[in-house]
Amino acid sequence: MIVVTGATGNVGRALVERLTTAGRPVRALTRDPQRAGLPQQAEVVRHQLDDPAALFSGATQLFLNLQATGDTTPALLDAARAAGVRHVVMLSSGIIREGADTSHPIHIWHAKAEHQVRDSGLAATILRPNAFAANALQWAPQIREGDTVRGPFADGLSAPIHEDDIAAVAERALLDPGHEGAAHRLTGPEAVTTAQQITAIGHAIGRDLRFTEIPVDEVGPELFPHVPPEMLPGLLKAFGGSVGTTPEITTTVEKVTGVPARPFSTWAKDHEDDFR
């Protein structure tokens, strides 16, 4: 039995679909099982720590999504270990790297959780993806309203990764031996600017979209609705640092799964309905 936290998130949902397709028993944890819409083969359980046995009974592995577990991560890991879980695959962040700004709030949050995982007594595999292609969903409200998208750093470069490529690496880390103790750095296969991402989305939905750059001091939380307000300044600083800088590009997805990571244009086609 594999327990998946954050099962209705971008990566978690893709992972549950992959594991159930592979015929593996999955217990999907979610805040609202009735609305989860997950594959029928998955055992869908409410994510609450008042009954750890219901979460981990019979389980041997755990996929840990920090977005879903937050401050309860240590208690969740304790409950998992006590129930017999032996291996945890954690979704962390590519911000954890040599030379990183350790004062950045996103770095602090993920570094702390990685330490908790390593101190849990469980064998651990860490996934450190850089920019998610799904971050482009923040532009969806503007795209539904018109053909011009406003935002900062038109020339900011990143190598966005498809969430299903992250799930594919997580699947292999859970099902194949030899990933215990590894920290996999994950990116997409190519560098694209923010403006190029908007163009690719336009091609996917059959519209001529344009990106209009605005000064950072005009950026409000409405442009990044899924980012906690206290983290927005740090995120904008990171975005600013991506202008004129070649992003990290790894081949980890292909090395682990045997299939190359998908470009942003493929992600845009896969998500065209989200922008209509």
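How many helices and strands are there in the protein? There are eleven helices and eleven strands, where helices (H or I, at least four residues) and strands (E, at least two) are DSSP runs numbered from the N terminus. This is a predicted model, in which local features need pLDDT of at least 70 and side-chain atom pairs count only at pLDDT 80 or more, while totals for chains, interfaces and linings use all residues. Residues are numbered from 1 along each chain as its sequence is written, and side-chain values use heavy atoms, with hydrogens and water left out.

**Overall form**

The radius of gyration is 19 Å, close to the 19 Å that the globule rule gives for 276 residues, so the protein is as compact as a globular protein of that length. This radius is taken over C-alpha atoms, and the globule rule is 2.2 Å times the number of residues to the power 0.38. Along the principal axes, the C-alpha atoms fill a box of roughly 55 × 40 × 35 Å. Of the 276 residues, 51% are buried; buried means under 20% relative accessible area, exposed over 50%, and partly exposed in between (1.4 Å probe, protein chains only).

**Nonpolar cores**

A nonpolar core is a set of buried Ala, Val, Leu, Ile, Met, Phe, Trp, Tyr and Cys residues joined through side-chain atoms within 4.5 Å. The largest one has 32 residues, and Trp139, Ile143 and Phe224 are among those with the most contacts inside it. The helices in the table each supply at least two residues of this largest core.

| Helix | Residues |
|---|---|
| Helix 5 | 105-118 |
| Helix 6 | 140-145 |
| Helix 8 | 194-205 |
| Helix 9 | 232-241 |
| Helix 11 | 264-270 |

Helix 8 gives the largest share of this core, five residues. Apart from this core lies another, of 29 residues, including Ala28, Phe63, Ile166 and Ala167.

Leaving aside neighbours within four places in sequence, the residues in contact with Trp139 include Val149, Pro152, Ile198, Phe211 and Phe224. Contact means heavy atoms within 4.5 Å. In helix 9, Leu232, Gly234, Leu235 and Leu236 are buried, and the buried residues of this helix pack against helix 5.

**Pro260**

Pro260 lies in the loop between helix 10 (252-257) and helix 11. Its relative accessibility is 45%, so Pro260 counts as partly exposed. Not counting residues up to four places away in sequence, Pro260 touches Val253 and Glu254. Ser103 is 157 residues from Pro260 along the chain, and the C-alpha atoms of the two are separated by 34 Å.
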